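Please open the model in a viewer and keep the sequence panel in view. The tour below proceeds by selection, with a short account of what is found at each stop.

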Amino acid sequence: MKRVAYALAGFGGWILCANTALAQEDLDALLDESVVTAASKSAELSTTAPGTSTVITAQDLRRFGIHTVAQAVDFLSLGASTSGRDVTGDKGGLGARGVHLSGDEGNHFLLLVNGHSVNEPLAGGARFDRGAGIPMEMVDRIEVILGPGSVLYGSNAMLGVINVVTKSAKDFKGTRVLVESELPTSVRALTGAGYTFDLLGDRADLTVGIEYYRRFGSGFDLSDQDLGIDLISNEPARTSPNGPPTGIWGGRIDDGDFAESPSALLRLAIGDLRVTLQASTYRQGQPYGRGDFNAEGSQLVQRQAWVDVSYRKLVTSTLEVTARLYGDTHDTTSEVESSLEGNCFYLNVTTCRDVRVGASRWAGTELRAALDWEEDGSLVTLVGVDGQYRYAGTKSDIEDAATGELVAPSTGFFKRDEVVLGAYLQQTYSPTAWLGLNAGARVDRDPRFPAVISPRAAVSVQPWEGGTLKFAYSEAFRAPSYSETELTDGPRLAPVELDPERVRSFEASIEQRFGLHRLRTVSFLTRWQDLVDLKQLSDAETQRAVELGRIEFVAPQLTYEEFRNVGGLDNYGVSLGYDGALSGRALSWGTNLTAAIAEPAGGESESALAPRWFGNARVAYDLPDALPTIGVAGFFLARRLADRGVTGGFAERPYAPTQLVLKTTVTGDVPPLSGLSYRVGVGYSLAEEVPFVVGPTQAASPTQPTADLAPTDRFRAFVGLEYQL
Amino acid sequence: MTRELEPRESQFVTRVLAVRRRPAFALWAARALLLLVLVLPSAGSASAVNVPINLQVKLLAKVAAYDRNMEDRAAGKVRILIVERASHLESDRSASRIVAALDQEDAVAGLPHEARRLTFDSAGKLADAVRAGSIDIVYLTPGLDDEVPNIRKALSGEDVLSVSAVTTHVQDGVVLGFDLAGGKPKLLVHLPTAKAQNVAFKPSLLKLAKVYR
């Protein structure tokens, strides 16, 4: 009898423990949920939001030593990656699901900061590196929403939408200063503050940060490229203003890959009013572009500033209206020095400087209304209109690099201004706790092409505990940039007409949560059409252009080119994600893997820059008490074809080798100094090169039949101290 | 397209590319926006409801079970009082959403539950309603910022778990609240108020929460 009693007691205890463990698991799972705002322009769980989202937290950014949005994507995101970053950390756009488009300058992703789009209309691009001007310490989270997102945002959201959300004062409290160095090549200083106070009867929340970043140059070697004989001088090509012409381009670069970036970001919330201001300048050397090797005067300067003001008002308990006003300015100055007489065309100038300036300004307003029909959030209609005035222009000049005097008339000049309009409608319906429906469409009107409609339909079903099935169909477009539609300069002709790029996508996903563990599988199928690419005119096309007056006279040594809609690609694959933690979250880990194929139209079997396999993994451990946190993260990119791999005509197609990058970061407080914390880390890259062809040899020549690829940073250590007053 | 040779314009981006005319569109849009904001009736500014209501309610349903005294307090059914401010639209909306979200939960603290709404009159009357209705959970909505200290005083000594949809109410003396950090929900617990209201959260929960002492 006693034995029975003990057995029953033991069984009861086990049931109690099991139930407690299950209850703990349920709570852990809920606390591990992520809230996203960019998927539907409203706060919702990422599990049920349309599309595939990854939320990268401020804690992740710190403990894995992340310094830029691009690094965050490479090390921590599911389904998206760069194609590898060169030693400057600047070169290379962003791709997703195996689709990377060469030279796109990031214009197939829409980058938002606090909901404000920062893609500029001249090239359509955005920066995801240091040039973004976003101090990472001010970032609360980065939402990476994969899949076409034009349904709410319009142009550029073809691969996805990345929303960088900055911290409120409670998470960026007080005043702080930070100094960090990537030894010995760069230094960064940040000062910031976050305060709450009462203003005009409302609670105000202010965060502000000012950052200065300076990279001095990392020191690396580039292989010699034989440029042969200069067509104008009939001597070996000159590749620097000093010394005899040798025909050889290449050698040691010590500090030509410098960069400098002051930036500032301010976020102010007063009641329902939100204001975000950002300004930054990014100046970088261009030591291995198309000009002289390691030329001191070759640089790129980008400046941007924007303000976004939004105000939310509840008109009734079921109707919420949000009004937003914004204005942006962006300009780029590229200076490339060249001593090749074939580039300068003037015999009395040793070195000429090609100065290209582009500027764009845009301002607009967005009005949206959300109507909650049932007053419980289950049936909500969102309707919005977005009107924007845009101005863009460019100009190119050739100067004598020695004197700064112009040696030719300005070329490549255009100015264009116009109004673009967008209107969108989204309907969400959750008839039950386990079913969510989302359908919507947006129409965009741009004077350069017919109106574009971007629909989306998504379903999320939660048929069992912790399980979510999602299906989504969506379309997106990218309006051709003004550089693509308007610029005529030398052999480059502005196209007669250019349609927007289009993408259609279908994805299906399964997600299963059990406690602090989450498994995800996402299958996707996309079809891209009307991709825009630079194409050379045939002789017949050149002749036709003369007849139409597009070319005044044909220069015999020039091959004319223009942007065209050239075709598309089919893309399909699968992404797998797993993340987990031990209860208490002292130990957490995650891994993502994507296998994808992007088949271009036109018979090619592979796309440049696109890895067919890529992924990442991470583990972090919070040591107890005052001991630090150790984070180890890594990402890999499979072997991929270089950007000129198809068009360069090289004897052997250039490929960048499989890249594996590992980074270890240790963060913690500095006892016993209250408020002082540190972050140290080291990173190592197995690969030496990334898939970008460098130097003047962008296509095979008799003297240079092979391509040289950009080097990547092999080893880097960094150390930083932050003091919070 | 080429132009005549011209002096180098170092201020190119501000002069040559400067906007030639101020577009009517932008001015019109700004005026319309200002008018809209001024004309629409004021709803009272929204307090910070950082965590979506449906997630708050899911969390509450689990977290309530971590109160060691909840089972005795509830005596078989958890009674929830949702407190809203009269004529406050955000408060009304939050209350409706809390009710709807609670309808979707089979259990709170593992027990059946019922909810009703109360329009706030005074902290004293709220305490009376808590006693009269054997209320186990008081759920505050936006619009009650200035009353939270009074509510805390009035509920002190009562056997009730107070929860708020508004993040900042916790540091002013509500037992349980929710915040968002890095996009993930965080629990906030005001320990002195919990003690005063006979709420005894298990240590395993307090480890997960930000605790105000």
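**Stop 1: strands 17, 18 and 19 of chain A**

Select strand 17 (residues 299-314) of chain A together with strand 18 of chain A: the two pair in the antiparallel sense over 16 bridges. Helices (H or I, at least four residues) and strands (E, at least two) are DSSP runs, numbered from the N terminus, and two strands pair if DSSP finds at least two bridges between them. This is a predicted model, in which local features need pLDDT of at least 70, side-chain atom pairs count only at pLDDT 80 or more, and totals for chains, interfaces and linings use all residues. Residues are numbered from 1 along each chain as its sequence is written, chains are lettered from A and ligands numbered from 1 in the order in which they are written, and side-chain values use heavy atoms, with hydrogens and water left out.

A hairpin of four residues leads from strand 17 of chain A to strand 18 of chain A. To find the register, select Y311(A), whose bridge partner in strand 18 of chain A is A323(A).

Next, add strand 19 of chain A, which runs antiparallel to strand 18 of chain A and is joined to it by 20 bridges. Here E320(A) has A370(A) as its bridge partner in strand 19 of chain A. Is strand 18 of chain A mostly covered or mostly uncovered? It is mostly covered, as 16 of its 20 residues are buried; buried means under 20% relative accessible area, exposed over 50%, and partly exposed in between (1.4 Å probe, protein chains only).

**Stop 2: salt bridges**

Remain on these strands and display the side chains of R324(A) and E366(A), which form a salt bridge with the closest N and O atoms 2.9 Å apart. The pair links strand 18 (residues 319-338) and strand 19 (residues 352-372) of chain A across 42 residues. A salt bridge is a side-chain nitrogen of Lys or Arg within 4 Å of a carboxyl oxygen of Asp or Glu. Both R324(A) and E366(A) are buried.

Now select R513(A) and D32(A), a salt bridge with its closest N and O atoms 3.5 Å apart. R513(A) lies in strand 26 (residues 501-514) of chain A, whereas D32(A) lies in the loop between helix 1 (2-31) and strand 1 (35-36) of chain A, 481 residues apart. R513(A) is buried at a relative accessible area of 8%, and D32(A) is buried at 12%.

Move to R478(A) and E501(A), whose side chains meet in a salt bridge (2.9 Å, N to O). Salt bridges that share partners join D32(A), E33(A), E511(A), R513(A) and K184(B) into one network. Over all chains, a search of the whole structure finds 67 salt bridges.

**Stop 3: an open sheet**

Select strands 3, 8, 9, 6 and 7 of chain A: five strands form an open sheet in the order 3-8-9-6-7, with mixed pairing. Strand 3 (52-57) and strand 7 (116-117) of chain A are the edge strands, each pairing on one side only. Strand 6 (residues 109-113) of chain A runs antiparallel to strand 7 of chain A, and two bridges join them. At this edge, V113(A) has H116(A) as its bridge partner in strand 7 of chain A.
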